[in-house]
Amino acid sequence: MACQERDPTERRIAKPVSLVAFWPVALYLLCMLDEIVNAVRNCRSCVVLTGAGISAESGVPTFRGSEGLWGKFKPEELATMAAFISNPKIVWEWYKWRRQVVGEVKPNPGHYALRYLQQWFDQFTLVTQNVDGLHRAAGSENILELHGNIYRNKCLDCNHQFSEDMDIDPDNIPSCPHCGGKIRPDVVWFGEMLDPQIINKAFSESEQTELFFSIGTSAIVHPAASLPITAKRQGATLVEINPEMTPLSGLADYYVSAKSGEFLPTLIERLKQTSPPG
Ligand code: BJW
Ligand code: ZN
């Protein structure tokens, strides 16, 4: 159910602009901020979907866009089962490098803002496509990791998960103690099914939620990209935060063209001023 009575055709788009040169637009952005604050105050349930963009301000590269990983590396050579079977050494070298990158970074103000946001709701679910563990590091709870976790390993053959830290040597990939299969990173590659329990829970929360935030995702990789569409169809208010427009922007009730690490802390500050949690 939608939490606010509004004209469903109404759509708000905010762009970051110089406050001096474009003060009417800045005022408009402030009005939209207040409307999003009201949506938070009036809704009891919230689902947040995050993508690589929320970790960009921590220094984790995104996948798409000019600076994205897929601009430098071919996904079909690194993020598919076929790639791992034909060249496990290259795939492990790539993941070792990425583990090092995410191991050196910290959550940013966007991650921390989402930890605070959960306090304003009876039901709050954080669904992330990210494998970097930064939401947990920021203290968020109730996280659904759709695409796995880069620090975890699993067996290629029997799927057994290994949560303990394992330093993998790409020249000497360890075998599963249960079945002898090769150890691989516990992430979801293209063409692979997501964990049914996790994706089903994400869909059922999205179907029931009153408010849905899509943050820092290009919204093109399915099934994750179907979650905000499902929520909107079921009557949720949809807010998108992304400096670039995506296929979702036209559907969103509020499209905020801003960095999550800048907009989300502003939202929390405004919420604290006008309606403290609880
Ligand atoms: C900022 C910012 C700032 C920057 N603040 N924002 C239906 C239709 C068509 C295709 C399919 C379909 N269903 C399934 C498919 C196939 C495929 C798919 O979706 N392909 C599309 C590319 C078309 N999906 C799958 O294969 C999935 N499996 C599946 O569906 O199984 C069933 C099935 C199998 C076979 C056939 C059909 C069905 C699995 C998908 C797995 C994705 N895996 C990866 C790698 C994970 C492991 C790893 O990390 O190594 O997941 S790919 C990569 O993309 C990664 C991400 O989680 C995912 C999404 O990317 P994300 O997070 O959106 O990042 P970007 O880079 O794309 O966008 C960043 C955004 O941030 C940008 O918009 C910026 O503007 C923004 N931004 N700075 C806020 N400061
Ligand atoms: Zn095994």
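Which polar backbone atom is 3.0 Å from a nitrogen atom of ligand 1? Keep that one in mind for a moment, everyone. What you see above is a predicted model, so no experiment behind these coordinates is being claimed here.

Okay, the answer: that backbone atom belongs to serine 260. The protein buries 76% of the 1500 Å² that ligand 1 exposes when taken alone. If you look for the elements giving two or more residues to the shell around ligand 1, you'll find helix 2, residues 53–56, and helix 6, residues 88–103.

Let's stay with the ligand. There are 34 residues around ligand 1, and the ones that come nearest are Arg64, Tyr95, Arg98, Thr217 and Ser218. Take arginine 64: one of its polar side-chain atoms sits 2.6 Å from an oxygen atom of ligand 1. Glycine 191 uses its backbone instead, with an N or O atom 2.7 Å from a ligand oxygen. Sorted by class, the shell is made of 16 nonpolar, 12 polar and six charged residues.

Now let's zoom out to the protein. You can count 11 helices and 10 strands. Its C-alpha trace spans about 60 × 40 × 30 Å along the principal axes. Is the fold what you'd expect of a compact globule, or something else? Well, a compact globule of 278 residues would have a radius of gyration near 19 Å, and this protein has 20 Å, so the two agree.

Half the story is inside: 50% of the 278 residues count as buried. As for the outside, the accessible surface is about 13500 Å², and carbon and sulfur atoms account for 53% of that.

Terms used. Residues numbered from 1 in each chain as written. Chains lettered and ligands numbered in written order. Predicted model: local features only at pLDDT ≥ 70, side-chain atom pairs only at ≥ 80, totals over all residues. Heavy atoms only, no water. Near = heavy atom within 4 Å. Polar contact = N/O pair within 3.5 Å; in protein donor to acceptor, adjacent residues only side chain to side chain. Areas by Shrake-Rupley, 256 points an atom, 1.4 Å probe, with all protein chains shown as cover. Helix = DSSP H or I, 4+ residues; strand = E, 2+ residues; numbered from the N terminus. Nonpolar A, V, L, I, M, F, W, Y, C, P; charged D, E, K, R; others polar. Rg over C-alpha atoms; globule rule 2.2 N^0.38 Å. Buried < 20%, exposed > 50% of the residue type's maximum accessible area, 1.4 Å probe, protein only.
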